[in-house]
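Open the model in your viewer and keep the selection panel handy. We will go stop by stop, picking something to select and then saying what is there.

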Amino acid sequence: MTPSLRRWVFLAAAAGFVAFYLWGLLGLPGFGKYPGPYGFVLNRIAVSQTKATGVVSAVNFDYRGFDTLGEEFILLTAAAGVSIVLRRLRGERERSAVDEAVDRDVPATSSAVRMLALLFTGPVVVVGWWLASHAQTSPSGGFQGGVFLATAFILVYLSGEFLVFKRFSPVDLTDVVEAVGAGGFAAIGVSAVAMGLPYLYNFLPLGTTPGAVSSSGTIVLISFFVGLEVAAAFILIVGELLEQTLLIRRRSG
Amino acid sequence: MQYFPFVVVAWILGVGLYGIVTSRHLVHLIMCLIVVQSSTYVLLLGVGYVTGAVAPYFYDIGVHTPAVDPVVQALALTDVVVEAAVTALLLAFAVQAHKRFGTLDPQELVSLKG
């Protein structure tokens with residue numbers, strides 16, 4: 001198919017889509033006129049039912065916990081996929097990065113970058129844990145916290161070298177953390193079943209003060225495991241991509 | 001104006017798809033896929049919006065304060081993280097495709113057929 005034909009086929013399909021979309025829009029309630037009862041019901045009852053003041057987290061880790069489990073496993077699968085796809089292929093060898101240009105020096109990492117990265121590493125870890133452990137109160141949770149925690153390791157890479165990054169995040173350890181994160185979430189669900197309750201039922205004491213760190217039962221715990229899983233998955237993905245760029249070379253000759 | 005956010009959704013979806021269809025570079029194609037997926041965030045948040053309502057966090061406000069739908073927000077939240085991981089997987093495929101075929105042009109990749 002030539003590029004111009006391809007474009008015309010797309011434009012024809014897009015015209016059809018636009019027509020049906022506009023037709024469909026006319027039957028929808030307008031923007032800001034949300035008709036569904038589900039969100040309103042959750043907003044009313046979630047705080048008293050789960051003792052979590054962040055209803056989004058209550059939905060993610062309790063009401064819709066089973067869906068989130070699936071989404072977490074998409075993340076696990078994607079990270080595993082990156083590891084598999086970026087493995088060392090036949091005809092490739094692994095070796096540490098060396099300077100191949102003899103007529104110029106490798107530019108050293110600037111002190112400004114090193115300083116900033118080092119300064120930020122600590123605070124980023126703290127904010128990451130804070131986010132991962134406050135799912136029940138505020139717009140945070142394991143997903144956001146996990147990404148923050150992974151960022152801390154990328155700052156280590158920026159401030160030092162790839163080998164330092166590898167030392168701080170050995171693949172074996174990252175794998176274990178990721179497995180604990182994903183398995184922990186599933187295990188919480190199984191524990192509920194073992195007690196004769198529905199899967200992922202919030203079986204822990206909910207506490208009395210809505211929004212306290214100790215409140216909302218399994219929501220905090222699941223958010224913590226999701227944080228581990230997300231952080232480990234992202235460190236693994238970044239590590240694999242860096243390894244691909246810096247270590248793996250086509251075998252010459 | 002009543003349907004404006006939903007028109008924006010269609011527009012983002014449309015430009016993303018156009019980019020995918022006409023793409024001459026796999027990394028560009030993956031970026032276009034991110035644009036397509038971004039339209040789902042706008043759609044989800046647009047569907048759940050309630051005029052004059054606040055975010056569904058009741059830490060310092062009463063539970064009877066009108067708030068937007070928390071379900072679509074939860075969907076958008078997990079969507080963002082999963083998208084990042086899937087993008088990484090696709091980029092890994094692009095790296096290997098380039099190694100194997102020496103090109104990242106999807107239209108040339110079709111004619112090579114491994």
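How many helices and strands does chain B have? Select chain B and switch to a cartoon view: you should find four helices and zero strands. Read from one end of the sequence to the other, the pattern is α-α-α-α. The radius of gyration of chain B is 19 Å, well over the 13 Å that the globule rule gives for 114 residues, so chain B is more spread out than a compact globule. Turn chain B along its principal axes, and its C-alpha trace spans about 60 × 30 × 15 Å. Of the 114 residues in chain B, 26% are buried. If you draw the contacts of chain B between residues at least 6 apart in sequence, 51% of them join residues at least 24 apart.

**Colour by confidence**

Keep in mind that this is a predicted model. The model scores are ipTM 0.81 and pTM 0.83. With chain B coloured by pLDDT, the average is 86, and 96% of the residues score at least 70. Which elements of chain B have the lowest and the highest mean pLDDT? Helix α4 (residues 106-112) of chain B has the lowest, at 73, while α2(B) has the highest, at 92.

**Bring in chain A**

Now select chain A, which has nine helices and two strands. Starting at the N terminus, its elements run α-α-α-α-β-α-α-α-α-α-β. Chain A is also more spread out than a compact globule, because its radius of gyration is 24 Å, well over the 18 Å that the globule rule gives for 253 residues. A box taken along the principal axes of chain A, holding its C-alpha atoms, is roughly 70 × 55 × 40 Å. Buried residues account for 37% of the 253 residues in chain A. For contacts in chain A between residues at least 6 apart in sequence, 72% join residues at least 24 apart.

**Where the chains touch**

Show both chains and select the residues that bridge them: 40 residues of chain B are in contact with 47 residues of chain A. On the chain B side, the elements that give two or more residues are α1 (4-22), α2 (26-48) and α3 (70-101) of chain B. The largest share of that side, 16 residues, comes from α3(B). Colour the chain B side by residue class and you get 29 nonpolar, ten polar and one charged residues.

For a close-up of a loop, select B:F58, which is found between α2 and α3 of chain B. Is B:F58 buried or exposed? B:F58 is buried, because 23 other C-beta atoms lie within 10 Å and 20 or more is the cut-off for a buried residue. Leaving aside neighbours within four places in sequence, B:F58 is in contact with A:V47, A:T53 and B:V63.

**Two helices of chain A**

Next, select residues 218-246 of chain A, which form helix α9. This helix has 29 residues and reaches 41 Å from its first C-alpha to its last, close to the 42 Å expected at 1.5 Å a residue. Helix α9(A) is mostly covered, with 22 of its 29 residues buried.

Then select residues 142-159 of chain A for helix α6, whose 18 residues reach 26 Å from first C-alpha to last, close to the 26 Å expected. Here 14 of the 18 residues are buried, so α6(A) is largely enclosed by the rest of the structure.

**Into the core**

The largest nonpolar core has 67 residues. Select A:L75, A:A79, A:V82, A:V230, A:A233 and B:A85, the members that touch the most other members. The element that gives the most to this core is α9(A), with 15 residues. Centre the view on A:V230: apart from neighbours within four places in sequence, it is in contact with A:L75, A:G142, A:F143, A:G146, A:V147 and B:V81.

**Last stop: a glycine in a loop**

Finally, select A:G217, in the loop between α8 (171-194) and α9 of chain A. A:G217 is buried, with 22 other C-beta atoms within 10 Å. Beyond its neighbours within four places in sequence, A:G217 is in contact with A:N202, A:F203, A:L204, A:P205 and A:L206. To finish, draw a distance from A:G217 to A:M115: these residues are 102 apart along the chain, and their C-alpha atoms are separated by 40 Å.

Technical notes:
Residues numbered from 1 in each chain as written. Chains lettered and ligands numbered in written order. Predicted model: local features only at pLDDT ≥ 70, side-chain atom pairs only at ≥ 80, totals over all residues. Rg over C-alpha atoms; globule rule 2.2 N^0.38 Å. Buried ≥ 20, exposed ≤ 12 C-beta atoms within 10 Å, placed from the backbone. Contact = placed C-beta atoms within 7 Å. Nonpolar A, V, L, I, M, F, W, Y, C, P; charged D, E, K, R; others polar. Expected span 1.5 Å × (residues − 1). pLDDT = per-residue confidence, 0-100. Core = buried A, V, L, I, M, F, W, Y, C linked by C-beta atoms within 7 Å.
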